[in-house]
Amino acid sequence: MPVPLGDLLTRAGVLTQQQLQAALDYQRGNGGGLGSAVAALGFATDDEIVAILSRQYRVPAVDLAGFEFDAAVVGLIPAATARKHRVLALGRSGAVLTVAMTDPGNVIAMDDIRFLTGCNVAPQVASEAAVDGAIRTLYGARRDATDARRDQAAAAGGALPAGGGGIEILDAPDADVEGAAAGRQAAEAPVVRLVNGLLAAAVQRGASDVHVEPYDAEFRIRFRIDGMLYPVAAPPVTLRDAVISRLKIMANLDIAEKRLPQDGRLRARFRAGGVRREIDVRVSSLPTLFGEKIVLRLLDRERLTLDMTKLGFDDQSLERFEAAIRSPRGMVLVTGPTGSGKTNTLYSSIAGINSPQTNILTAEDPVEFNMRGVNQVQIREGIGLSFAAALRSFLRQDPNVILVGEIRDAETAEVAIKAALTGHLVLSTLHTNDAPSSVARLLNMGVEPFLVTSALNVVCAQRLVRCICRECAAPAPLPRTALRDIGYSDQESAAVVPHAGRGCAACNGTGYKGRVGLFEVMAATPALQQMILAGASTYDLSRQALEEGMVTLRRSGLRKIADGVTTVEEIVRETTL
C-alpha cells in the first residue's frame, strides 16, 4: 500500500509531528507539494526526501538537472497529466515507458499514463522542485484554454489523450434513464468521463475498433490498431456494469435486455489540430458468460482513402481494375476475409466514377460512410429489406452503377448477375481466399457458367498488411535461403534487403504504423471465359491467369518487402505461396 510522504518522513526521523504540521500548514497557504514545503522550511533537503522515497519503493532516483530529454518521448504524456501527477517521461524501450515521479506510490498516476500511452510504466523518483521546473521548461509556463480544460478534466479524474481536446457525444439520449438503476449508475460523472476519455484515446491513437470485455475477475479494454489488438486499460471490475450500460445508452440500445445481441450507432465530435471533426461509431453488444461484451467500430471518414493510387495496387493491377470499373456494364468482385479493406476499395471505386451524370445506388449492411451524390440503402433483414429485395428495387430506379455490399446467397447472386447483363455496372464482395476461387464460389451458389462468363469483368482479391514505421525503419537482412523459401528467385534473393521497424514513440514501440493493401487482380479474358465454360478447376484458372500476367497476393507482398514498405513476417502471415 502507498504510504503518505508525511508518514514516511516522520517514521524515518526526518520530521517531528510538529514539523509535519507546520509543513502541511505551509503547503495549504502556498500551494505545491508536501516535499516542496518541507524543503522550503529547511526541515529536510530534496536529496534526503528523494533518498527516502527511493528506499521505500525500491525504485532508482534520477537527477533531472543534467538530463537530456527527448521531446517525442516527453510528448507522450500531455501537459495536464504531467502537471496533475508531477510526472515526466524520461525514455522508452519497446512497450516500457520510464517516468520520473515525485511519488512512486501514486498508482492512479501510473494507471493514467498506462491508459494514455499503452505502455507499462517503470517509475523513477525525483524531487518536486526538479520535476516542477522541468515541466515548466518542457511544456511551457503559458496555459491556454485547452490546457485549462485538460487540467479541469484531470483534476476530476478524467483521462484525455495527448494532443487532443475533449470528445462530445452527439445524438445520444440523456444518460439518466428513469426507472433503470444501471442507467442512473452509468450517468455518474466518473463513468461518463471514463467512456469519453476512452473514445478520445481511441481516435487519437488511430484505433479502428474498441473492445470492452468483461471476465470473471477482470475488466479489459483493447484497441485494434493497424489490424492488431493491444490491451490499453483494465478498469476496476466494479465499473464493468456501469461502463457497459453507459455505452448502450449512448448507442440508444435497450439496457434492460442483456440476453440478446444488439446493434446501435452514435456520433462523436472531437477536436484535432484546431479542427472539429465528427466520427460515426458502430456499437455491437454480445452476451457472454460474465456480462455483455461491447465492440465499437470507429468509422472515421478522414482516414478513408479514396485515391486508388494510394491503396497499394501495382501499376498493372491498378490499370486492369480501373478499366473494369469504368466499363458501362458487367460485374466487378472484390474478395477477401473480414477486415481486409474491401469496403475501402469499393468506396474508392465509386468515388472515382461518381459524377452528376451517373446514378449510383448502394445496398449496404451497414452503411459505413455517407458519400455525397450516392444513394445509399441500409439493409434491414428483419423487415424484409434484403440484398436481393433492394437489388430488385434498384432496377426500377434507372441506375448506372449498383453496389451490393455482399453476395451472400444464390438469390442475391442471381439478381446481381442479371443486373450486370442488362446494361448496369455491378460492384460487390465475396468471401474467398483468392481471385480464381471466386468463380468456383459463384458456381457453387448455383449460377450457370455461361452467366458467369457473360457478366464477370474482373475479380480483385486483397489483404491488408502493416507498414514499417518510417521513423524507425532499418535494414533487417535475411539469409538468401530464407528469401527463396518465401518466393524470391535466386537472382532476387541476392538483391533484396528486407527492412523492419525498431520501435519508437511514433509507432508506439511496435515498429509498424499504418497499413497498405496487397492486391491480386484477375481479368475475365476470353481464354479464362472458355476455361470456365469447359468446367476448368480453380488451379487451372489460376495457372492461366498467371500466364496472362496476374500478380498474386504473395508476389504483391514480395514487391512491397523489396520496396521497404512492409516486413517478411507480415507477408508470411497474410499470404500463401
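Visitor: Why is C507 not bonded to the closest cysteine sulfur, in C504?

Guide: A disulfide is a pair of cysteine sulfur atoms within 2.5 Å. The sulfur of C507 is 3.8 Å from the one in C504, so it is too far for a bond. Bear in mind that this is a predicted model, where local features need pLDDT of at least 70 and side-chain atom pairs count only at pLDDT 80 or more, while totals for chains, interfaces and linings use all residues. Residues are numbered from 1 along each chain as its sequence is written, and side-chain values use heavy atoms, with hydrogens and water left out.

Visitor: What makes the sulfur of C469 fail to bond with C504?

Guide: Distance again: the C469 sulfur lies 3.7 Å from its closest cysteine sulfur, in C504, which is too far for a bond. By this rule the count comes to 0 disulfides.

Visitor: Why is C469 called buried?

Guide: Buried means under 20% relative accessible area (exposed is over 50%, partly exposed in between; 1.4 Å probe, protein chains only). C469 has 1%, so the word buried applies. C507 counts as buried too, at 4% relative accessibility. In the protein chain, buried residues make up 49% of the 577 residues.

Visitor: How do you know that β11 and β15 pair?

Guide: Strands (E, at least two residues) and helices (H or I, at least four) are DSSP runs, numbered from the N terminus. Two strands pair if DSSP finds at least two bridges between them. Strand β11 (residues 330-335) and strand β15 (residues 425-430) are joined by 6 bridges and run parallel, so they pair. For M331, the bridge partner in β15 is V426.

Visitor: What makes β13 and β19 edge strands?

Guide: The open sheet has 7 strands in the order β13-β12-β14-β15-β11-β16-β19, with mixed pairing. β13 (375-378) and β19 (512-523) each have a single partner strand, so one side of each is left without a neighbour in the sheet. On average, neighbouring strands of this sheet are turned by 20° against each other, direction ignored.

Visitor: Which strands does helix α17 lie across, and at what angle does α17 run to β15?

Guide: Helix α17 (residues 437-444) lies across β11, β15, β16 and β19, at about 95° to β15. Helix α14 (residues 342-353) runs at about 170° to β15, and β12 (360-364) is among the strands it lies across. Contact means heavy atoms within 4.5 Å; axes are lines fitted to C-alpha atoms, for helices over the stretch in contact, with angles from 0 to 180 degrees between N-to-C directions.
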